[in-house]
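The following exercises are to be worked with the sequence and the coordinates at hand. Each task is followed by a solution in steps.

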Amino acid sequence: MSDAATAEKPAEASAIPPEELDRLTDDIIAALKTVYDPEIPVDIYELGLVYRIDISDDRDVTIDMTLTAPGCPVAGEMPGWVENAVGAAPGVNAVKVNMVFDPPWDQSRMSDEARVALDMW
């Protein structure tokens with residue numbers, strides 16, 4: 001699992017039971033791992049492109065993510081891919097994807113799994 005992405009509970013205690021929140025978080029991460037940058041054979045989660053996952057008490061999900069480069073050819077399509085994948089996860093109500101470029105992505109955000117897959121040690 002990438003250390004760059006964090007699943008955050010709201011600042012106040014969540015109304016979602018902890019077991020359900022854990023399952024929901026796992027399902028969201030599994031959904032994110034089905035989305036790939038077409039030019040890189042590693043999913044966006046392991047690449048470290050997902051900066052934040054927030055789950056509201058209403059089970060609405062907000063995701064802050066970036067791209068490997070601002071001029072990425074799929075920049076316009078990637079948020080929709082993420083929204084569709086996460087929206088299909090059981091229990092997710094609505095999904096909002098925010099594309100952010102601060103901080104800029106760099107290779108240090110990749111998980112060890114991504115480094116192995118891309119032979120980037």
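## Exercise 1: The turn residue Arg-59

Arg-59 is partly exposed, with a relative accessible area of 23%. The model is a predicted one.

**Task.** Determine where Arg-59 lies and which sign its phi has.

**Solution.**
1. Locate the residue: Arg-59 belongs to the loop between β2 and β3.
2. Examine the strands: β2 and β3 run antiparallel and are joined by 5 bridges. Ile-53 stands opposite Ile-63 in β3.
3. Identify the motif: the two strands form a hairpin with 5 residues between them.
4. Read the backbone angle: phi of Arg-59 is near 70°, a positive value in a residue other than glycine.
5. Classify the exposure: buried requires under 20% and exposed over 50%, so a relative accessible area of 23% makes Arg-59 partly exposed.

For comparison, Asp-119, in the segment after α4, has a positive phi of about 55° although it is not a glycine. Asp-119 is exposed, with a relative accessible area of 66%.

## Exercise 2: The buried face of α3

**Task.** Establish which residues of helix α3 are buried and what they pack against.

**Solution.**
1. List the buried residues: within α3 (residues 78-87) they are Met-78, Pro-79, Val-82, Ala-85 and Val-86.
2. Consider their directions: they cover an arc of only 130° around the axis, which puts them on the same side of α3.
3. Recall the helix geometry: an α-helix has 3.6 residues a turn, so residues three or four places apart point the same way.
4. Find the partners: the buried residues of α3 pack against α1 (18-32), α2 (44-47), β3 (61-65) and β4 (95-99).

## Exercise 3: The nonpolar core

**Task.** Identify the residues of the largest nonpolar core that touch the most other members, and trace the contacts of Leu-32.

**Solution.**
1. Take the core as a whole: it has 35 residues, of which Ile-28, Leu-32, Ile-44, Ile-53, Ile-63, Val-82 and Val-86 touch the most other members.
2. Assign the contributions: α1, α2, β2, β3, α3 and β4 each supply at least two residues of this core. The largest share, 6 residues, comes from α1.
3. Trace Leu-32: with neighbours within four places in sequence left aside, its contacts include Ile-44, Ile-53, Ile-63, Val-82 and Val-86.
4. Inspect β2: 5 of the 6 residues of this strand (residues 50-55) are buried, so β2 is largely enclosed by the rest of the structure.

## Exercise 4: The loop between β4 and α4

**Task.** Decide whether Trp-105 is buried or exposed, and name residues that it contacts.

**Solution.**
1. Place the residue: Trp-105 lies in the loop between β4 and α4 (112-118). Pro-103 is also found in the loop between β4 and α4, and a cis peptide bond with omega of about 5° joins Asp-102 and Pro-103.
2. Apply the cut-off: buried means under 20%, and Trp-105, with a relative accessible area of 17%, is therefore buried.
3. List contacts beyond four places in sequence: among them are Leu-47, Tyr-51, Leu-67, Thr-68 and Met-110.
4. Check one distance: the C-alpha atoms of Trp-105 and Thr-68 are separated by 5.8 Å, although the residues are 37 residues apart along the chain.

## Exercise 5: Confidence

**Task.** State which elements have the lowest and the highest mean pLDDT.

**Solution.**
1. Begin with the chain: its mean pLDDT is 89, and 90% of its residues reach 70 or more.
2. Compare the elements: strand β1 (residues 6-8) has the lowest mean pLDDT (52) and β3 the highest (98).
3. Draw the consequence: where pLDDT is low, the predicted coordinates should not be read in detail.

Definitions and conventions
Residues are numbered from 1 along each chain as its sequence is written. This is a predicted model: local features need pLDDT of at least 70, side-chain atom pairs count only at pLDDT 80 or more; totals for chains, interfaces and linings use all residues. Side-chain values use heavy atoms; hydrogens and water are left out. Buried means under 20% relative accessible area, exposed over 50%, partly exposed in between (1.4 Å probe, protein chains only). Helices (H or I, at least four residues) and strands (E, at least two) are DSSP runs, numbered from the N terminus. The arc is that of the directions from the helix axis to the C-beta atoms. Contact means heavy atoms within 4.5 Å. Two strands pair if DSSP finds at least two bridges between them. pLDDT is the predictor's confidence in each residue, from 0 to 100. A nonpolar core is a set of buried Ala, Val, Leu, Ile, Met, Phe, Trp, Tyr and Cys residues joined through side-chain atoms within 4.5 Å.
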